[in-house]
Amino acid sequence: MAILTEEQARTLLTKALSYSKAEQCELNLSGGDSSNIRYARNSVSTSGGISRNSLVVSSAFGKKLGTATINEFDDASLEKAVRRSEELAQLAPENPEFMPFLGPQSYGAPTPTFVPATAAITPKQRADMVQQSLQVGKDSNLTAAGFLESSAGFSAIMNSKGLFAYNTATDVNFSVTMRTADGKGSGYATKAFNDVAKMDTLTFSKVAAKKASGSVNTKALEPGKYTVILEPAAGIVLLEQLYGSLDARSADEGRSFLSKPGGKTRLGEKLVDERVNIYSDPANPELPTSRWNGDGRVQEKVSWIEKGVIKNLSYSRYWAEKKGVKAISGPDGIIMEGGTQSLEDLIKGTEKGILVTRLWYIRPVDPQTLLYTGLTRDGTFYIENGQIKFPVKNFRFNESPVIMLNNLEALGKTERTVSGESGQNALIPPMKIRDFTFSSLSDAV
């Protein structure tokens with residue numbers, strides 16, 4: 001299904017809503033197209049595309065809620081989905097935490113989440129972008145493996161209370177791993193943007209190739225505490241564990257690193273280094289996001305951590321009403337303020353340390369302290385007297401982003417990066433951290 005315009009979406013949703021006999025009815029419509037190329041061992045292995053569309057119908061009688069999903073939009077199918085959601089609602093038990101659907105909201109000006117050039121990417125353009133990456137691998141006598149995906153889509157919501165919202169978005173996502181012929185050296189790069197004009201697969205592949213060529217003949221260092229420089233692609237996978245855990249209910253109920261005895265929380269407390277400022281802003285031109293979230297709430301600029309102090313927690317509508325506070329949606333499109341130094345500047349200013357390209361296989365150890373474990377990968381290097389001296393064998397780490405941000409030494413320039421774990425985008429600076437804990441060595445390359 002092609003991307004529906006706002007008026008086409010409104011017409012379809014109005015038609016579906018006209019069939020409703022429930023006390024309340026809400027409709028979520030989404031759809032779009034995505035295409036990709038995957039390559040491995042210096043050759044394209046798969047290429048394909050998918051069009052998807054979906055309508056979710058939620059009907060409520062009192063506190064009884066039923067939901068049905070459909071991807072056919074003729075009149076009979078629409079009515080069938082509405083009837084099915086009503087049948088399920090009548091059969092469902094009452095949900096004590098059910099909240100009535102929202103009425104009309106004021107979302108402000110649309111954000112630039114949709115770039116026509118990205119939506120218009122052709123198969124040849126994707127092939128040319130991948131060819132550039134493959135050529136870098138071949139010219140460098142390396143083996144390239146990667147994935148390029150572009151997408152364009154829309155989403156809309158309408159309900160019986162008069163709420164309506166519509167948004168379109170585009171995305172192009174690229175990741176590549178380069179390996180030496182003997183399999184002993186590896187490099188990695190990943191990027192994602194709304195605007196395809198910013199996606200330079202040639203440059204990003206050269207970065208991965210340089211790391212791969214420079215990472216052969218690794219030396220083993222003793223596990224322990226080291227000063228590290230985390231590149232943005234490494235830092236984001238730990239930071240997202242922190243800003244993804246800013247839920248008020250978990251903190252109030254004692255299930256969070258923000259919990260205190262007696263049902264109190266650490267809201268308002270200085271938790272990390274005062275240079276840490278983390279916020280979300282749907283209007284940021286480098287990381288635009290939708291003005292509304294999945295239940296129709298307005299997405300606004302929210303400061304989550306300001307000068308190291310926890311400034312806000314996210315609230316579901318139910319928990320916000322229970323606590324008598326504003327219902328703030330969870331972070332979407334995180335921005336962490338950085339400094340003025342480049343990654344190279346951070347390296348030059350390091351007497352002894354380790355440069356980390358990527359962290360992966362992140363797993364929780366202790367939710368109360370936000371302790372996580374994982375591995376370095378695809379380019380880990382020893383720094384001495386401001387220069388990269390030699391590649392080092394990979395480590396397993398045990399670290400909390402809270403402790404990490406208390407051991408902050410320096411921040412580089414903020415740049416857009418994408419998490420290799422969750423796929424979420426964020427603006428994150430490279431970070432220089434002291435006393436980062438490496439617990440053991442890893443044989444992984």
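This is a guided tour of a predicted model, moving from one selection in the viewer to the next.

**First stop: Leu-13**

Begin by selecting Leu-13, which belongs to helix α1, the element that spans residues 6–18. Its relative accessible area is 0%, so Leu-13 counts as buried, the cut-off being under 20%. To see what surrounds this side of the helix, display the residues that Leu-13 touches beyond its sequence neighbours up to four places away: Leu-27, Leu-29, Leu-55, Ala-156, Ile-157, Met-158 and Phe-164. One of these, Met-158, deserves a distance label, for its C-alpha atom lies 6.6 Å from that of Leu-13 although 145 residues separate the two along the chain.

**Second stop: strand β15 and its partners**

Now select residues 371–384, which make up strand β15; this strand is mostly covered, with 11 buried residues out of 14. Adding β14 (residues 352–366) to the selection brings in an antiparallel partner, joined to β15 by 11 bridges. Within this pairing, Val-356 has Thr-380 of β15 as its bridge partner. The hairpin formed by β14 and β15 leaves four residues between the strands, and in it Leu-370 adopts a positive phi near 60°.

Before leaving β14, centre the view on Tyr-361, which sits within that strand and has a positive phi near 55°, although the residue is not a glycine. Most residues other than glycine have a negative phi. With a relative accessible area of 41%, Tyr-361 is partly exposed, because that value falls between the limits of 20% and 50%.

Next, show β16 (387–391), which runs antiparallel to β15 and is joined to that strand by four bridges. Ile-383 is a useful residue to label here, since its bridge partner in β16 is Ile-388. The hairpin of β15 and β16 has two residues between the strands, and the loop between them holds Asn-385. This asparagine has a positive phi of about 50°, and its relative accessible area of 57% makes Asn-385 exposed.

Finally, add β17 (395–399), another strand that runs antiparallel to β15, in this case through four bridges. Here Gly-374 stands opposite Phe-397 of β17.

**Third stop: Asn-394**

Between β16 and β17 there is a loop, and Asn-394 lies in it. Is Asn-394 buried or exposed? At a relative accessibility of 6%, Asn-394 is buried, because the value is under the 20% cut-off. Draw the polar contact from its side chain to the side chain of Thr-376, at 2.7 Å, and then the one from the side chain of Asn-394 to the backbone nitrogen of Arg-377, at 3.5 Å. When residues up to four places away in sequence are set aside, Asn-394 touches Thr-376, Arg-377 and Thr-380, together with Leu-441, Ser-442, Ala-444 and Val-445. Thr-380 has already appeared on this tour as the bridge partner of Val-356.

**Fourth stop: the largest pocket**

Turn now to the open spaces in the model, and select Ala-169, Thr-289, Asp-332, Gln-424 and Asn-425, which, of the 39 residues that line the largest pocket, lie nearest its centre. The elements that contribute two or more residues to this lining are β1 (24–40), β2 (43–61), β4 (142–159), β5 (164–180) and α6 (232–243). The volume of the largest pocket is about 910 Å³. Colouring the lining by residue class gives 22 polar residues, 10 nonpolar ones and seven charged ones.

**Fifth stop: the second largest pocket**

For the second largest pocket, select Val-207, Lys-211, Glu-231, Leu-343 and Glu-344, which lie nearest the centre among its 27 lining residues. Two or more lining residues come from each of β6 (186–193), α5 (201–213), α6, α9 (343–348), β14 and β19 (415–418). Which element gives the most to this lining? Helix α5 does, with six residues. The second largest pocket has a volume of about 770 Å³, and its lining consists of 12 nonpolar, seven polar and eight charged residues.

To end, keep both linings displayed and select α6, which gives two or more residues to the lining of the largest pocket and also to that of the second largest pocket.

Conventions
Residues are numbered from 1 along each chain as its sequence is written. This is a predicted model: local features need pLDDT of at least 70, side-chain atom pairs count only at pLDDT 80 or more; totals for chains, interfaces and linings use all residues. Side-chain values use heavy atoms; hydrogens and water are left out. Buried means under 20% relative accessible area, exposed over 50%, partly exposed in between (1.4 Å probe, protein chains only). Contact means heavy atoms within 4.5 Å. A polar contact is a pair of N or O atoms within 3.5 Å; within protein, one must be able to donate a hydrogen and the other to accept it, and residues adjacent in sequence count only if both atoms are side-chain atoms. Two strands pair if DSSP finds at least two bridges between them. On a 1 Å grid over the protein atoms alone, a cavity is a set of points where a 1.4 Å probe fits but cannot get out, and a pocket is an open set with protein on both sides within 12 Å along at least five of seven lines; lining residues have an atom within 4 Å of a point. Grid points are joined across faces, edges and corners, and a volume is the space filled by probe spheres set on the points. Ala, Val, Leu, Ile, Met, Phe, Trp, Tyr, Cys and Pro count as nonpolar, Asp, Glu, Lys and Arg as charged, and the others, Gly among them, as polar.
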